[in-house]
Amino acid sequence: MEKKYSFFISSTYEDLKEERDAVIHTVLTLGQFPVGMEMFSAANMDQWNIIKKSIDSCDYYILIIGNRYGSIDETTGKSYTEKEFDYAISQGIPVLAFIAGDSINLTLSKIEQDAEKIIGLRNFKEKVKKSGLYVSFWNNKDKLEALVSQSISKSMLKSDRPGWIRSNTNVNDLNE
């Protein structure tokens, strides 16, 4: 029985729009379900609760780190991207992590300018690298897309995640 998996895509937004679109396209091309803030709508719930519910409902968490730290959550002092990462780890959701390499060619608008955020970004990258996760490094959108495709394919092959199965599937087929 073919399972479909959902992938929460986490990154800063404005600076990585193209990269996020490429990753969403990759997830869709592999016949899976992408979940990200682009798909959120207005709701009678605070932003963090929406994010947590979305992460909880996903089988995998894709982390894309560029060269901006992002919006800071005032209660924790961390970026929302780092807060999402910490939450996914705490919930035991498998993380596929992709960090921009040093040789990436970026415009000034895609590079962190705030001194405190530069330190936060550096610490966050180190945290991810030292987390025990296998981390892939990308230098352009095409390389990121290829790395994400490989990682998703390998993760699904050895997956023990619940995934999704069509509701009209015969229950007896599930035991095969």
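## Cavity

A cavity is a set of grid points where a 1.4 Å probe fits but cannot get out. In this predicted model, a search of the whole structure reveals 1 cavity of 30 Å³ or more. The largest cavity holds about 40 Å³ of space.

Its lining consists of Thr-12, Ile-64, Ile-65, Gly-66, Arg-68, Tyr-69, Ser-79, Thr-81, Leu-121 and Phe-124. Two or more of the lining residues come from each of β3 (60-65) and α4 (115-129). By character, the lining comprises 5 nonpolar, 4 polar and 1 charged residues.

## Nonpolar cores

The largest nonpolar core has 21 residues, of which Ile-55, Tyr-61, Leu-63 and Val-128 touch the most other members. At least two residues of this core are supplied by each of α2 (47-56), β3, α3 (80-90), β4 (95-100) and α4. A second, separate core contains 19 residues, among them Val-23, Phe-98, Ala-100 and Trp-138.

Apart from neighbours within four places in sequence, the contacts of Tyr-61 include Phe-8, Ile-55, Phe-85, Ile-93 and Leu-96. Tyr-61 is also in contact with Thr-81, a residue that lines the largest cavity.

## The chain as a whole

The chain contains 6 helices and 5 strands, arranged along the sequence in the pattern β-α-β-α-β-α-β-α-β-α-α. Of contacts between residues at least 6 apart in sequence, 79% join residues at least 24 apart.

Of the 176 residues in the chain, 42% are buried. The exposed area of the chain is about 10100 Å², with carbon and sulfur atoms supplying 50% of this area.

Terms used: Residues are numbered from 1 along each chain as its sequence is written. This is a predicted model: local features need pLDDT of at least 70, side-chain atom pairs count only at pLDDT 80 or more; totals for chains, interfaces and linings use all residues. Side-chain values use heavy atoms; hydrogens and water are left out. On a 1 Å grid over the protein atoms alone, a cavity is a set of points where a 1.4 Å probe fits but cannot get out, and a pocket is an open set with protein on both sides within 12 Å along at least five of seven lines; lining residues have an atom within 4 Å of a point. Grid points are joined across faces, edges and corners, and a volume is the space filled by probe spheres set on the points. Helices (H or I, at least four residues) and strands (E, at least two) are DSSP runs, numbered from the N terminus. Ala, Val, Leu, Ile, Met, Phe, Trp, Tyr, Cys and Pro count as nonpolar, Asp, Glu, Lys and Arg as charged, and the others, Gly among them, as polar. A nonpolar core is a set of buried Ala, Val, Leu, Ile, Met, Phe, Trp, Tyr and Cys residues joined through side-chain atoms within 4.5 Å. Buried means under 20% relative accessible area, exposed over 50%, partly exposed in between (1.4 Å probe, protein chains only). Contact means heavy atoms within 4.5 Å. Accessible areas come from the Shrake-Rupley method with a 1.4 Å probe; for residues, only the protein chains shown count as cover.
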